[in-house]
Each structure stands twice: as C-alpha cells, then as structure tokens.
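Visitor: Before we begin, I would like each label we use to be justified by a value and a criterion. Could you take me through the reasoning as we go?

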Amino acid sequence: MSSFPGRRRDPIAAQGPRLVQWHLRDVHLLRTREDIPSREECVRTSVMILNSGTEELKSWKVFIGFQHNEILVSVDGAQVVDADDFPIRVGKNGTTITGYPNTDLKTAIETAADFTQIQANVDITGTQFGMKTGTPMPKTIHLANDGFKCPAAKRQSNTMHVCCHKDPKFKTKLTKTKFMPRQYGDLSLTYDVLQAYEGYYQAQVTMDNFHPLGRLDHWNLTWEWMRGEFIYTMRGAYTHKKDSSDCIYGPQGQYYQSFDFTPVMNCERKPIISDLPAERVNDDKVGKLPYCCRNGSLLPTIMNETQSRSIFQLQVQKMPPDLNRTAFYPPQRWKINGVLNPEYKCGPPIRIDPTEFPDTSGLAAKSYAVASWQVTCNITKPKPKQNRCCVSFSAYYADAAVPCPTCACGCDDDLIQDSKCDPDGAALPIPPESLLVPFANRTTKTKAWAALKHRTLPKKLPCPDNCGVSINWHVNTDYKSGWTARMTLFNWEADPFQARAEGLPYKRVDTDWFAAINIKKAYPGYENVYSFNGTKLPALNNTLFFQGLKGLTYLNGIVNGTNPASDPSVPGKQQSVISFLKKNTPGINVAIGDGFPTRVVFNGEECALPTEYPKRSGVARRSSGGFVVAVVVGIVSFVLVTDRLG
C-alpha cells in the first residue's frame with residue numbers, strides 16, 4: 001500500500017484549512033470486449049482528509065462524486081453512509097463517507113501537528129464500469145459537513161484535491177458542548193453507556209419519534225458490531241436469534257476460553273432487535289423498564305406523547321484491544337423499520353455530550369451517562385411502485401372510479417413472467433362497486449362494464465396494485481354553499497393491519513390507526529367529520545388528521561364472503577363523511593381536482609395517488625351509483641362493528 005509522498009511538507013496542505021485529496025493508486029483491467037463500449041477495472045484509491053484549521057473538525061464527512069457505475073468492495077478508515085453490505089453500488093450519483101473509527105480531526109495547534117490526530121486516510125477498493133480509455137476519476141470531491149464552502153476540485157494527473165473554508169455566512173449555533181450538539185431528525189436514537197467495566201459495559205438505547213406523522217409498528221432495529229462485540233443480556237427488548245454458537249466457534253470463544261456462553265443473548269455481527277410484548281412489562285428479568293414493552297409501537301406525539309418513546313438496555317461484552325473501561329465503539333450502520341410504516345434512512349452515530357438523567361435517589365440531583373452517541377433517522381419518500389398503501393378516487397358525477405396506480409405497492413413477478421398483466425399499463429377506469437372486492441374479482445366486472453359502456457380494453461390488462469391497505473376518496477355531493485366527501489379505509493390483509501411482523505412469535509391487533517390528508521384549496525373550508533375523530537393541523541402544511549372513534553381504532557382483516565364458493569372476500573373497512581363549506585374557499589372547483597387530496601399518509605406511510613381525477617359522465621346527478629357503494633359499505637361496516645362490539 002503506497003502513501004502520499006511528503007505528506008508532512010505537502011505544499012497543498014498550506015492552501016486551505018481543510019484539505020480533501022483523492023489519489024488513484026492502482027487500476028487493473030478485469031475484462032474487455034470489442035463489442036462492449038466500456039471496460040471493467042479494479043480500482044484502488046486513497047482519500048486523505050487533513051484539518052489544518054484552528055477549529056476541531058467533528059464527525060467529518062466527505063462526498064465523492066463517483067460517475068462510472070462504481071461498485072465499492074471495501075472501505076478502510078471510514079463508513080459509507082446509507083449503504084448496505086459490501087459490495088455497494090454507488091452508480092453515477094456519488095456517495096458520502098464518514099470517519100470510523102477516527103471520527104474527529106483535531107487541530108495542529110492542540111496536537112503539535114500530530115498527523116495521527118489531524119489527518120484521516122481512507123483506502124477504497126472497487127470496480128468501475130463505463131470507460132473505454134482514460135483515468136477513472138470522480139466528478140468531484142468535497143467536505144460534506146455543514147458550514148463549509150468548497151470550490152471546484154482541482155485535478156493533477158491521477159490526484160484530485162480541494163481546500164474547503166468555513167462559510168462566513170453560515171450561522172453557527174453557540175454551544176458550550178464538548179462534542180457535537182444533538183441533531184433534529186424524524187427519529188432520534190440515543191446510545192448511552194450507563195456503566196463501564198473492564199471488558200464490558202451497560203448501554204441503553206432510547207428511541208424518540210419527533211415527526212408529527214411518523215410512526216412505527218412492530219419495529220425491528222438492526223446495527224453492525226465492528227469490533228467483535230456481542231450482547232450478553234438484554235432488558236426491554238429481545239433479539240430474533242438467541243444463539244451463542246457464533247461466539248463459541250469464533251474469536252470470542254478463543255479469547256474467553258473459560259467463559260460460560262449459555263446465557264449469551266446474541267453473537268451475531270448484525271443482530272435484529274424487537275420490542276417486547278406488553279405482557280412482559282412487569283417481568284423481573286426482562287421488563288420493569290420505563291417506555292419498554294409496547295409491542296414495537298412508536299406513535300407520533302400528536303396522538304400520544306408518552307408512547308412516542310421506546311427504551312431498552314443491553315450488556316455489551318467487548319473484545320481485545322478494547323478491554324479498557326474507557327474504550328467505547330458504538331455499533332454502526334443502524335437501520336429500523338416497521339410494518340406498514342415509512343422507510344427511514346439513518347446516519348452514522350455522532351458523539352454527543354453525555355445524556356442527563358434524573359437521579360434515581362429521588363433527590364434534586366442529576367446523573368449523566370458515561371458516554372453518548374446519537375443516530376438521526378429521517379423518513380424517505382417512497383420510490384415508485386414501493387409504497388405500502390394507495391388511494392383511489394371516485395365521484396358522484398362520474399360513472400367510473402379511478403383505482404389505485406398499477407403496481408403501487410410492487411409487482412407480482414410470477415404474473416409478469418407469465419405475461420398475465422402489464423406492470424407499466426395505466427390503471428383502467430372501473431365501476432365504483434368494484435372497489436369493494438379484491439382485485440382478482442374485478443376483472444369480470446370490469447370487462448362486462450366496459451362492454452356496456454362501449455369502452456375499449458387493452459389486450460393485456462394492468463397488474464394489480466398489491467397494496468395491503470387502500471383508501472377511497474369519494475366526492476359525495478357538491479352544492480352552492482358546500483360539498484361533502486366520503487373516505488373509506490380498506491384492509492386487504494388477513495390480519496388486522498398485517499399484525500404479524502417477520503419473525504414475531506405472537507400476533508396482536510394493531511390499534512390507533514390514523515390518516516393524514518393534504519387537500520390544499522379545500523382545507524380552509526373543512527367543517528366536520530362524522531364517523532372519525534378529526535383535527536386540523538395548520539402548522540403541518542394544512543393537514544387534516546383523522547383517527548378512529550373510541551372503540552373503533554382497529555381495522556379488521558379480510559374475511560370470506562357469505563358463500564365462499566361464489567361470493568368474493570370482504571375486506572375490513574371503516575368510512576366517514578367529511579363536510580366542507582365554500583364560504584372560506586371562494587373559486588373552488590371540486591370537480592376539476594380541488595376536491596381531491598394531493599397527499600395521503602396512513603400510519604406514517606405516504607400512499608400512492610392516482611394521476612388523474614374522475615371524469616364527468618354525460619348526465620351527472622347528486623346521487624348516483626356512488627351512493628349504492630356507500631350504502632353497501634355502511635351496512636357491511638355496521639355488521640362488522642356490531643359483531644366486534646358484541
């Protein structure tokens with residue numbers, strides 16, 4: 001492995017306070033063919049980050065503008081942000097790396113120019129595609145920390161460098177903290193070391209849901225141990241796999257030769273951790289911990305502030321050379337997900353000032369963690385065909401409903417391979433009553449209805465939406481002083497809200513559903529909702545927030561029809577009429593789109609919306625076929641609710 005020549009006297013280092021340098025060390029041709037306009041190459045590079053400023057650079061981050069469809073095979077001296085296991089495809093959009101284990105770069109002043117403390121070196125090995133000739137260099141490199149300005153990177157042969165300066169316009173918050181200030185994110189996870197011993201320590205993980213519409217049900221948390229650690233015991237949560245064989249036959253067993261691994265909770269490098277069910281809250285061994293044992297539910301604060309936090313504790317056994325009681329390395333690559341919940345993207349652990357706790361003695365005193373790190377996670381917008389819920393539109397003035405988008409929640413590969421449906425075809429208008437039956441039962445109805453209406457159908461019909469939960473928004477009436485809509489929730493899964501998460505040994509009914517509606521022009525005219533609880537949230541982009549009434553916060557699963565041999569299955573459903581007044585919304589045109597939502601969130605997950613609105617039929621009446629659907633849904637809902645309450 002080569003190093004940068006003369007790095008202590010490199011004249012480049014004097015050009016700016018923070019230097020980022022890329023050095024291409026080696027390129028090895030893997031394969032080339034005349035019929036392929038590019039080649040595959042093994043590329044070995046080095047990135048050097050030098051802090052020659054007067055302030056410590058905390059939690060350094062560097063963006064590398066990869067542009068040749070690179071695949072990273074290994075990164076030594078840093079972690080790739082928002083990435084899975086190696087190999088990592090970074091494509092043509094670049095990626096960000098962050099320091100590990102050397103996360104902070106001190107100044108030359110406080111270290112007497114000790115390059116081991118003011119400089120970080122990262123070695124990257126990967127494969128690149130896309131070049132026939134030339135040197136594979138990134139498009140750009142720059143420091144990604146807030147508050148810095150970086151000019152265009154300069155290239156010299158196989159080296160690229162950039163000198164970044166503090167942005168004088170950036171307003172730095174004055175803090176007296178020794179470490180980085182706590183960051184705000186949709187979901188904050190804090191890793192606190194509570195007690196430290198030689199060879200092991202006690203840690204606590206605290207999850208705080210700060211997003212007003214964020215939510216997790218049956219959360220699964222995973223991370224990666226980087227230095228051979230393993231979980232000895234746990235309170236307030238459990239790992240999906242309880243097995244000590246990885247320790248016994250691994251380096252842990254070689255070091256702890258007389259150690260009893262029988263009670264060890266987990267030895268996986270990437271454990272999967274879940275919350276305990278509510279019945280374990282008072283368990284002497286694994287419960288009796290504040291904010292634990294809630295079946296993995298993290299609700300938004302506007303629903304229940306006390307249920308927006310979750311806590312669990314664990315004993316972490318360390319490995320050489322980190323046996324000293326002051327040597328702490330938090331796990332990396334944190335990920336968390338839930339069932340029918342939004343996707344979260346988590347950053348690396350950032351060292352923060354020790355967390356403050358009220359003293360357990362009850363006195364007016366404070367105690368502090370030995371060391372603390374924060375992981376900040378933010379909700380990401382679902383990619384096309386990767387939603388978990390969808391919305392259909394219908395209206396009293398249209399004889400056709402606009403169903404959920406094709407493959408809104410993914411496609412069935414078997415149907416596509418057998419050419420039984422078109423995954424890219426636009427969703428077809430369907431008779432409104434078809435929204436009440438599963439997709440498999442809609443084809444016959446749709447074909448018969450299309451023939452009756454003289455509509456032409458494509459030879460290959462579009463694929464189903466494949467969503468477990470769908471929402472129908474129906475414009476019910478439109479009159480001089482106001483208008484009404486009807487919102488219906490459908491659960492197409494067998495279990496209430498798909499209550500069984502992967503690996504969960506128990507099944508419970510999810511409660512406290514919520515739906516948030518953005519309906520921009522109509523929001524000021526919102527009057528009332530009649531079968532849900534409704535709240536206006538003006539500070540949240542003019543959102544209407546709906547919940548189930550007391551005793552009706554559940555959503556049943558799909559059940560068989562009256563005659564399973566001939567009748568279609570019946571989804572679980574709830575619905576309510578919502579009224580709006582026009583006096584506060586002059587000029588509103590309900591029919592052309594003002595009466596339909598522009599964004600719908602169900603249990604924290606953003607739902608896929610149709611790309612068009614219902615089209616007015618030749619004759620429009622205020623009561624149409626949509627009323628028949630309402631009556632049918634209402635009767636079925638009443639029967640299900642009566643049966644449930646009975």
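Visitor: What makes Cys346 and Cys377 a disulfide?

Guide: The model is a predicted one, and in it the sulfur atoms of Cys346 and Cys377 are 2.0 Å apart. A pair of cysteine sulfur atoms counts as a disulfide when they lie within 2.5 Å, so the pair of Cys346 and Cys377 is assigned as one. The torsion about its S-S bond is 105°, and the link is right-handed. Cys346 belongs to strand β21 (residues 344-346) and Cys377 to strand β25 (residues 371-379), so that the pair, with its members 31 residues apart, links distant parts of the chain.

Visitor: How do you know that Cys346 is buried, and what is the corresponding value for Cys377?

Guide: Buried means a relative accessible area under 20%. Cys346 has 10%, and therefore counts as buried, while Cys377, at 0% relative accessibility, is buried by the same cut-off.

Visitor: How many disulfides does the structure hold, and what makes the link of Cys247 and Cys267 left-handed or right-handed?

Guide: There are 9 disulfides in the structure. One of them joins Cys247 and Cys267, whose sulfur atoms are 1.9 Å apart, and because the torsion about their S-S bond is about -110°, this disulfide is left-handed. Cys247 lies in helix α3 (residues 245-248), whereas Cys267 is found in the loop between α4 (251-255) and β18 (272-275), so the pair ties together parts that are 20 residues apart in sequence. Both Cys247 and Cys267 are buried.

Visitor: What is the handedness of the link between Cys409 and Cys467, and why?

Guide: The sulfur atoms of Cys409 and Cys467 are 1.9 Å apart, and the two form a disulfide. The torsion about the S-S bond is about 90°, so this disulfide is right-handed. It links distant parts of the chain, with Cys409 in the loop between β26 (389-395) and α5 (413-417), Cys467 in the loop between α6 (442-452) and β27 (469-478), and their positions 58 residues apart in sequence. Cys409 and Cys467 are both buried.

Visitor: How do you know that Cys163 is in no disulfide?

Guide: The nearest cysteine sulfur to that of Cys163 belongs to Cys164 and is 7.5 Å away; a disulfide needs the two sulfur atoms within 2.5 Å, and therefore Cys163 is in none. Cys163 nevertheless counts as buried, because its relative accessibility is 8% and the cut-off is under 20%.

Visitor: Why is strand β12 called largely enclosed?

Guide: Strand β12 covers residues 159-166, and 6 of its 8 residues are buried, so the strand is largely enclosed by the rest of the structure.

Visitor: Which strands pair with β12, and in what sense do they run?

Guide: Strand β10 (residues 148-149) is joined to β12 by 2 bridges, and the two run antiparallel, with Phe148 standing opposite Lys166 in β12. Strand β11 (residues 154-156) also pairs with β12 in the antiparallel sense, over 3 bridges, and here Arg155 stands opposite Met160 in β12. β11 and β12 form a hairpin with 2 residues between them, and Ser157 in the turn has a positive phi of about 60°.

Visitor: How do you know that the second largest pocket lies between domain 1 and domain 2?

Guide: Domain 1 (20-166) and domain 2 (187-379) both give residues to its lining, so the pocket lies between them. Its volume is about 860 Å³, and of the 29 residues that line it, Asp82, Asp84, Tyr344, Lys345 and Thr380 are the closest to its centre. The largest share of the lining, 6 residues, comes from β20, and by class the lining divides into 10 nonpolar, 9 polar and 10 charged residues.

Visitor: What lines the largest cavity, and which strand gives the most to that lining?

Guide: The largest cavity has a volume of about 100 Å³. It is lined by 14 residues, of which Trp22, Val43, Thr45, Phe66 and Glu70 lie nearest its centre, and β8 gives the most to the lining, with 5 residues. By class, the lining of the largest cavity has 8 nonpolar, 5 polar and 1 charged residues.

Notes. Residues are numbered from 1 along each chain as its sequence is written. This is a predicted model: local features need pLDDT of at least 70, side-chain atom pairs count only at pLDDT 80 or more; totals for chains, interfaces and linings use all residues. Side-chain values use heavy atoms; hydrogens and water are left out. Helices (H or I, at least four residues) and strands (E, at least two) are DSSP runs, numbered from the N terminus. Buried means under 20% relative accessible area, exposed over 50%, partly exposed in between (1.4 Å probe, protein chains only). On a 1 Å grid over the protein atoms alone, a cavity is a set of points where a 1.4 Å probe fits but cannot get out, and a pocket is an open set with protein on both sides within 12 Å along at least five of seven lines; lining residues have an atom within 4 Å of a point. Grid points are joined across faces, edges and corners, and a volume is the space filled by probe spheres set on the points. Ala, Val, Leu, Ile, Met, Phe, Trp, Tyr, Cys and Pro count as nonpolar, Asp, Glu, Lys and Arg as charged, and the others, Gly among them, as polar. Domain bounds come from an automatic or database domain assignment. Two strands pair if DSSP finds at least two bridges between them.
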